[in-house]
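Reader: Hey, can you walk me through this one? I'd like to start with the DNA side.
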Amino acid sequence: MLSHSKLKRNFYQRPTLKVAQDLLGKFLVHKYRGPSTSLDYARDKSLGAGKIYRGMIIETEAYTGFDDLACHGSRGMTERNKIMFQKGGYAYVYLIYGIYHCLNLVTEKEGKPSAVLIRGLDFPNADGPGKLCREFKITKKNCNGLDLTGDKLWVEDRGLGGFKIQKGPRVGIDYAKHCATWPWRFWIK
DNA sequence: GGTGCGATTGCA
DNA sequence: GCAATCGCACCA
């Protein structure tokens, strides 16, 4: 196997709980071609030709199906969550609190709302779902609906494994009643 | 057409 | 503890 292989669609078209754990230790990559701030240019003169952001995924959460009250798609398809109903291998990005964006990787089969929320990367200022999107220039406008088998946003397997996976309840979903305690959050040290 | 709030973050 | 800030879900 290639040491830097881009994950294919069949990786995502599996049970969401499995995908959420298998994404740990893989690398999120964003090839960004959009406008950069003057501060970005001061830090990195190569930005004019586009920039590649790459960081190891260290924390995820699973959201799947109509019985998961914390899943955005559990109450049916809407304009916001329609990407979640596609087949696995697409990016679902939404705006939260009017300020931050959250990146999800759609899983399973078409018609079943399922995705993995990327909550943290081993990368400076990318410890948190909102922070990693800000740091990696991921927004709803430029990433929602992107095909993860394409050349803008994808996940790489760099051959790292053997991590001890920790698990616990998902964050910030107290409103989801009995689902709030399900141990669907996963992370590695 | 009006209303209320969120899969977050940073600061007091 | 709590404000920021807005798309959108939901109700009328």
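Author: Here's a quick chat about the DNA surface and one strand beside it. It's a predicted model, where local features need pLDDT of at least 70, side-chain atom pairs count only at pLDDT 80 or more, and totals for chains, interfaces and linings use all residues. Residues are numbered from 1 along each chain as its sequence is written, chains are lettered from A and ligands numbered from 1 in the order written, and side-chain values use heavy atoms, leaving out hydrogens and water.

Reader: Cool. Which residues come nearest to DNA strand B?
Author: His72, Tyr94, Asn104, Gly130 and Tyr175, out of 22 around the strand. A residue is near if one of its heavy atoms lies within 4 Å.

Reader: Which side chains have an N or O atom by a phosphate oxygen of DNA strand B?
Author: Tyr175 has one at 2.5 Å, and Arg134 has one at 3.1 Å.

Reader: And which helix gives the most to that surface?
Author: Helix 4 (129-135), with four residues. Helices here are DSSP runs of H or I, at least four residues, and strands are E runs of at least two, numbered from the N terminus.

Reader: Switching topic: is strand 6 enclosed or open?
Author: Largely enclosed by the rest of the structure, because eight of its nine residues are buried. Buried means under 20% relative accessible area (1.4 Å probe, protein chains only).

Reader: What does strand 6 pair with?
Author: Strand 3 pairs with it in the antiparallel sense over eight bridges, and strand 5 does so, also antiparallel, over three. Pairing takes at least two DSSP bridges.

Reader: What stands opposite Ala115 in strand 6?
Author: Tyr63 and Val106.

How values were computed. A polar contact is a pair of N or O atoms within 3.5 Å; within protein, one must be able to donate a hydrogen and the other to accept it, and residues adjacent in sequence count only if both atoms are side-chain atoms. Buried means under 20% relative accessible area, exposed over 50%, partly exposed in between (1.4 Å probe, protein chains only).
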